[in-house]
Amino acid sequence: MNKHHDQTAEFAKSPGESVQDILARDVIKEPDRVTASSYEFLGDADLSIDRYVDPVWHEREVEKVWKKTWQIACRVEDIENPGDYIVYDVADDSVIVLRTPEGAIKAYVNSCLHRGNALCLDQGHIKSIRCPYHGFSWSLEGQLKSVPGQWDFPHINRSEFSLPEVRVDQWGGFVFINLDDDAEPLMDYLEILPQIVDGAALEKRYKAIHVSQVVPCNWKVVQEAFIEGYHVAETHYEKDEAGHVDENGIAAFTHDTAIQYDIWPGVRHINRLILIDGVPSQYVAHKVPSEQHIIDTLLRRVPEAMRPQLKDGERARPALAAFNRLALGQLHKVDLSGATDSDMLDQVQNNIFPNFTVWSTTFAPLCYRFRPHGNDPDRSIFEVWFLHPKPEDGSAYHVMKEKRLEPGQAWASVEELGPYGPIIDQDMPNLVRLTKGLKASKKPGITLGNYQEIRVRHFHRTLEDYLGA
């Protein structure tokens with residue numbers, strides 16, 4: 001360990017107010033146990049580039065990560081009715097996740113016990129699991145039902161010809177699977193997550209948006225593009241011809257210079273980012289004329305007469321939170337009168353190793369999922385979900401099935417993504433350049449910041465633990 005960084009309680013602090021300073025002023029506050037910051041210095045050595053480009057490294061990940069970890073396969077509402085199923089693929093493994101007639105959720109290896117044909121594809125509804133090749137069929141409970149030409153298979157013991165089950169469990173409305181029969185229980189695997197994220201609240205949401213794309217990079221490259229806010233000013237800010245940040249740009253009113261990054265000693269699978277909204281970035285704070293300017297910028301698409309009007313001494317953040325309680329409550333048909341300011345304004349990303357991110361606030365209800373595309377270390381599947389609150393008046397809601405974009409197709413072409421589509425499009429060129437640069441580099445490793453990129457290092461610390469590297 002570098003002798004200059006051996007105090008884990010101390011780390012470089014960006015200028016200006018911290019996330020905790022801002023949250024302390026909120027009108028309706030989050031509990032301290034939910035937002036309290038936690039940091040640990042994990043070293044400052046470079047990370048080897050081969051982990052992104054080496055097929056051998058990919059093969060080790062398949063055996064020691066994808067076959068050993070708990071992964072989110074779907075939401076419970078994706079398989080709401082008996083017979084609903086979804087297929088979760090990672091590398092060469094394929095799992096059917098379905099709802100049985102009794103309402104239980106089960107998972108099976110997606111391979112016919114006769115000749116190995118894949119039994120199901122994508123997502124749909126079935127009354128039984130029937131192989132489309134020769135017609136062998138199983139009940140939704142995985143028990144053998146029918147063997148065409150039974151006379152020719154006297155050697156099949158029907159009681160032993162059930163579909164192999166895959167471990168399955170639930171938390172927060174998410175359905176997890178694990179290919180390792182000896183893996184630790186899900187709730188142990190999730191470690192601190194149930195303490196900092198309200199799983200019961202997530203159960204009251206539904207997947208309103210699901211968009212995906214195969215992108216030309218390693219799955220870790222695309223995941224890391226969304227794991228830190230250090231890139232925000234360069235990649236996402238609106239700038240003038242001289243490269244100066246536009247203080248009238250919406251992105252300038254996220255407090256990106258003081259993002260809180262959380263890792264907890266002894267916690268391997270969970271880390272967190274808290275990005276405060278409604279407060280100007282330190283890049284532009286000295287040029288912002290007033291708190292009212294923040295409101296007028298962030299709500300520029302709202303008629304001026306409907307925007308909050310501040311009195312002298314009032315701040316934009318609580319006014320914006322109050323505005324969103326009404327606006328989001330009406331939009332989603334839920335009562336948000338008691339929602340915290342942070343829930344109404346902020347972006348809180350919780351990473352679940354190896355490949356899932358859940359944004360836990362009502363204001364920013366995204367989820368990200370990242371996987372290798374087949375066995376190609378240079379291509380991956382990037383998915384974005386939106387989890388909206390279920391209407392409290394009992395009115396109907398629509399669960400969106402996956403919309404797969406063509407390679408290179410603009411995310412902004414998906415109207416449902418709203419302003420997030422263009423933001424994701426700003427990230428995409430970095431993925432191509434990163435892959436090109438990593439392969440061309442003569443420097444054997446990448447160098448990380450000690451705080452702003454601590455979640456990247458934490459992720460790789462856990463990855464290396466699994467690989468025994």
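Let's start with an open sheet of four strands, which follow one another in the order β5-β4-β3-β6 with antiparallel pairing. This is a predicted model, in which local features need pLDDT of at least 70 and side-chain atom pairs count only at pLDDT 80 or more, while totals for chains, interfaces and linings use all residues. Residues are numbered from 1 along each chain as its sequence is written, and side-chain values use heavy atoms, with hydrogens and water left out.

A word on terms will help here. Strands (E, at least two residues) and helices (H or I, at least four residues) are DSSP runs, numbered from the N terminus. Two strands count as paired if DSSP finds at least two bridges between them.

Back in the sheet, β5 (105-109) and β6 (123-125) are the edge strands, each pairing on one side only. On average, neighbouring strands here are turned by 25° against each other, direction ignored; such angles are taken between N-to-C directions, run from 0 to 180 degrees, and use axes that are lines fitted to C-alpha atoms, for helices over the stretch in contact. Look next at β3 (residues 84-90) and β4 (residues 93-99), which run antiparallel and are joined by six bridges. One residue pair to find on screen is D89 with its bridge partner S94 in β4.

Now move to a second open sheet, where three strands lie in the order β2-β11-β10, again with antiparallel pairing. β2 (71-75) and β10 (167-171) stand at the edges with a single partner strand each, so one side of each has no neighbour in the sheet. Neighbouring strands of this sheet are turned by 35° against each other on average, direction ignored. Between β2 and β11 (residues 174-178), which run antiparallel, there are four bridges. At R75, the residue standing opposite in β11 is F174.

Our last stop is strand β18 (residues 376-389), which is mostly covered: eleven of its 14 residues are buried, where buried means under 20% relative accessible area, exposed over 50%, and partly exposed in between (1.4 Å probe, protein chains only). β18 pairs in the antiparallel sense with β12 (residues 205-215) over ten bridges, and also with β17 (residues 366-373), in the antiparallel sense over eight bridges. S380 of β18 is a good place to pause: S380 is the bridge partner of V215 and also of P372. Finally, β17 and β18 form a hairpin with two residues between them, and G374 in the turn has a positive phi of about 65°.
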